[in-house]
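Colleague: Could you take me through one part of this model slowly, as I am new to reading structures? I would like a close look at the largest nonpolar core.

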Amino acid sequence: MRTQTESNKYEGQCKFCKKDFTKRQITGHLDNCPKREKDENIKNLRLRIISPYIKNFWLMVEVNNQAKVKDLDNLIRDVWVECCDHLSEFGDYGSEVGKGRIIMGTFTPGDSVNYIYDFGSSTELAIKALEYSNFQLSNNKRVELVARNYLPPSNCAMCGKQATQVCTACSGEEMAFACDKCAEKYHNEENEKEEHYILPLANSPRSGVCGYESVEPLDKLF
Ligand SMILES: [Zn+2]
Ligand SMILES: [Zn+2]
Ligand SMILES: [Zn+2]
Ligand SMILES: [Zn+2]
């Protein structure tokens with residue numbers, strides 16, 4: 001399983017050439033990826049979506065001139081946050097951005113908007129419009145995930161191996177991360193009196209929150 005090499009390197013992958021880039025490098029790369037074909041007649045908008053709290057998580061998304069805010073909501077839910085159909089919102093209290101709006105008519109490069117999923121155990125994200133891009137999106141999509149981070153390194157609190165499970169009851173504590181073996185041991189048998197709720201680790205800032213479980217295997221990026 002491919003993970004980021006260090007917790008402060010923020011590496012991820014370009015969907016098209018499958019090469020590694022840091023969060024800083026990927027923006028420049030997407031305009032110069034050898035696997036993409038530029039078309040000056042196309043004008044899409046490139047967005048970066050990050051977790052403001054855990055810097056290892058980032059998505060690069062391109063949207064065409066038909067894409068609505070709702071389409072972006074669906075993409076964020078699919079890739080990162082959907083657990084039990086919670087409410088979500090773009091913008092801040094009092095200045096919400098309607099989901100029926102066309103993204104390109106609403107944001108231009110340099111603009112930022114906050115996103116919140118679930119007003120209880122919320123996951124907050126920050127979205128920034130970076131620049132226009134001139135590439136056809138795959139399969140006539142309106143929004144496309146074009147690059148994203150690898151799983152951030154996280155070690156099992158018991159043995160130090162790469163974690164594969166997260167206990168939502170212990171979430172926020174050092175004990176939350178575990179490998180399969182130690183999850184079985186620490187978050188079950190030996191601690192029967194305590195409540196534990198183990199979920200498979202996910203490459204998402206919502207991992208370990210509510211009942212969040214990725215539908216895709218841990219190493220599948222696109
Ligand atoms: Zn590339
Ligand atoms: Zn939920
Ligand atoms: Zn372990
Ligand atoms: Zn636990």
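Modeller: Happy to, and here is a walk through that core, with the whole chain as a backdrop. This is a predicted model, in which local features need pLDDT of at least 70 and side-chain atom pairs count only at pLDDT 80 or more, while totals for chains, interfaces and linings use all residues. Residues are numbered from 1 along each chain as its sequence is written, and chains are lettered from A and ligands numbered from 1 in the order in which they are written.

The protein chain has four helices and 12 strands (DSSP runs numbered from the N terminus: helices are H or I with at least four residues, strands E with at least two). Of its 222 residues, 36% count as buried, meaning that 20 or more other C-beta atoms, placed from the backbone, lie within 10 Å of the residue's own.

Now the core itself. A nonpolar core is a set of buried Ala, Val, Leu, Ile, Met, Phe, Trp, Tyr and Cys residues joined through C-beta atoms within 7 Å. The largest one holds 34 residues, and Ile49, Val61, Val63, Leu72 and Ile76 touch the most other members. Among the elements giving two or more residues to this core are helix 1 (23-30), strand 3 (44-50) and strand 8 (123-133). Helix 2 gives the most, with six residues.

Let us zoom in on one member. Leaving aside residues up to four places away in sequence, Ile76 touches Ile49, Val81, Tyr115 and Leu125; contact here requires C-beta atoms, placed from the backbone, within 7 Å. Apart from this core lies another, of 18 residues, including Ala163 and Phe177.

Key
A residue is buried if 20 or more other C-beta atoms lie within 10 Å of its own, exposed if 12 or fewer, and partly exposed in between; C-beta atoms are placed from the backbone. Two residues are in contact if their C-beta atoms, placed from the backbone, lie within 7 Å.
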